[in-house]
Every structure is written in structure tokens, then in C-alpha cells.
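User: Could you walk me through how this one is put together, with the cut-offs spelled out?
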Amino acid sequence: MNKKLKKFIKTSAVILGVTFFVMEMIAKKQKAATYYEDDPLEQNEMQGQNVVFVEDENDEPNADGVQGHLESTGVTTHYPTFYEKFIKRSFDVVLSFFGMVCLAPVYAVTALCIKKDDPGPVIFCQKRVGEDKRYFKLFKFRSMRLDTPKNVPTHMLDNPDQYLLKSGKLIRKLSIDELPQLWNIFIGNMSIIGPRPALWNQDFLTSERDKYGANDIKPGLTGLAQISGRDELEIPRKARLDGVYANAIKESSLSGLLMDTKIMVGSVYAVLKSKGVVEGGTGQLAKEFEKANAL
């Protein structure tokens, strides 16, 4: 190894080390704000509670299009496992850090395209349901106009294409809009793999996930339900798939690692097939996981 290469490696290592240290300090300072700790009125009163959905025609339709509300049935009892706290978290920190570093050019180009299409913020945040139903601020690249209805799932919009930016279709197709969530993962709001975080007013989805313990774990950038169809799936099936994943990582470090590996491979496959992690389908994986869980 020549001297120039050694010098390059050492310099790169120092730059990465300093960058990681600075980002870690920023993440620690921002973490409380991303959980609305500075605004108690925005926090979830159902945090730490088991819930059921009670249909009520007197309630306004929620983001799932169902009239009703959540009611508590008791306190949750799940405690993060060794795999969740240490192994999975270590992978999340490393992968999210190097992901942000390697994808910096993509971030820059995407930001320029969004600014060109529609003046306004490049990144927007939404209130989402996190681990143990704790609300947090989820970050996304903006792929739609500023006048798009807030807190409404895309599949529930009336002709959603009318709100898309010129670059929005490609941004969503390639799942580029999800990339800022690497910062959520680095902070600790999310994981690389897990159930996609529900909107704060998707009460029906939240209650369905509670049936299978899927709200006990951190939400993810991609997951079993996402590589199996995402919005094309009915809520009960989506929740069951999230539960299959949650139970796998709670069971043991080995089952958790195997499940995460399979979903990561499935996600990469979906992106390479130009379907996008969240829009594509590798339904066969989901069938295999459900079959294995039933044995």
C-alpha cells in the first residue's frame, strides 16, 4: 500500500470520525424536540397503553376513513429485548450514518429539483406513531405541492396525482422521499426495518397493530408489509404482517437477525425492480414468513 493511499485512508477516517461525532451531538440535542417533549399538548395520551378501536358514528372520520376512537384496555408490558436495544440499534446507527454520507449527492440533487418545482421547504415533517405509541416528527422530502391536504394518507386523496410536483413521481417511485428518515433512524425515533409509522390519526391501523404487538417496537424505513404491497394491502392484513415481524424480533436474536436480513434483501429487490420499497410487491416473502410463523 503506497503512502498516498494510506494518507487518503487516514484522512477519510478522521473526517468520518469528526462528522459522526458532530452528528451524534446534534442528534442528542434534537431528540427531545422530535418527541414533542417541548409541547406536551402534542403528545399521545395513549402512549404506553393497550388500545382497542371503538366505532362511533358521532366521531369524525379518521385518516383510515373510519368513524371511531381509541380506548385504553390497560398498560403495555413489552420491554425491548437485547436484540432490539443493542444489536439492532448498532446496525441502525452504522447504516443510517453511512447511508446519509454516501447519499449526500442524492440529497443535494433532490433538494434542487424540489426547489425548482415549487418554492418552499424541501423537507417537511409529520406527526407519526412511534414505539409504544409515542408520537414523533417524521422527516420526508416533499414530493407534493404545499397546498396538499395534511395528515391524509396518499391513497385517500381525491386524485393524488394532481398534487404531485414535476419531480414528485420519480421521487416517490424510487422512494427518495423516504431518505430523510435516515436522520430519524440515527436519532433513534425509527429503525431501518420495522412497521411503517402510522399517521397520528390512523386510529384503526394503530388498534389493529395492537392486536399483534406491532406497536411495541420501533417503526421502520421498510418492513414486511411494505415489501408486500403497502397501500394495496387492507389494514387488517398489513397489521398482521407487522405482527409477524414484531414477534420474530421479540422471540430471539437469531430469529430477529434472520427476519431483518430477509426483509432487507426483499427491499433491495423491490427497488431494483423499479417498484420502490414501499410500492412494490414481493408477496411470496410475506407468505413464507406467515407460514413459518404458523408452524
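Analyst: What follows covers the overall make-up and then one helix pair. This is a predicted model, in which local features need pLDDT of at least 70 and side-chain atom pairs count only at pLDDT 80 or more, while totals for chains, interfaces and linings use all residues. Residues are numbered from 1 along each chain as its sequence is written, and side-chain values use heavy atoms, with hydrogens and water left out.

User: How many helices and strands are there in the protein?
Analyst: The protein has nine helices and six strands, where helices (H or I, at least four residues) and strands (E, at least two) are DSSP runs numbered from the N terminus.

User: And what share of the residues is buried?
Analyst: Of the 295 residues, 46% are buried, meaning under 20% relative accessible area with a 1.4 Å probe and protein chains only.

User: Switching topic, how do α2 and α3 pack?
Analyst: Helix α2 (residues 82-102) and helix α3 (residues 104-117) pack at an angle of about 55 degrees with their axes 4 Å apart, the axes being lines fitted to C-alpha atoms over the stretch in contact and angles running from 0 to 180 degrees between N-to-C directions. That makes α2 oblique to α3, since angles under 35 degrees count as roughly parallel, over 145 as roughly antiparallel, 65 to 115 as roughly perpendicular and the rest as oblique.

User: Which residues make that contact?
Analyst: Met100, Val101 and Cys102 of α2 meet Ala104, Pro105 and Tyr107 of α3, with contact meaning heavy atoms within 4.5 Å.

Terms used: Buried means under 20% relative accessible area, exposed over 50%, partly exposed in between (1.4 Å probe, protein chains only).
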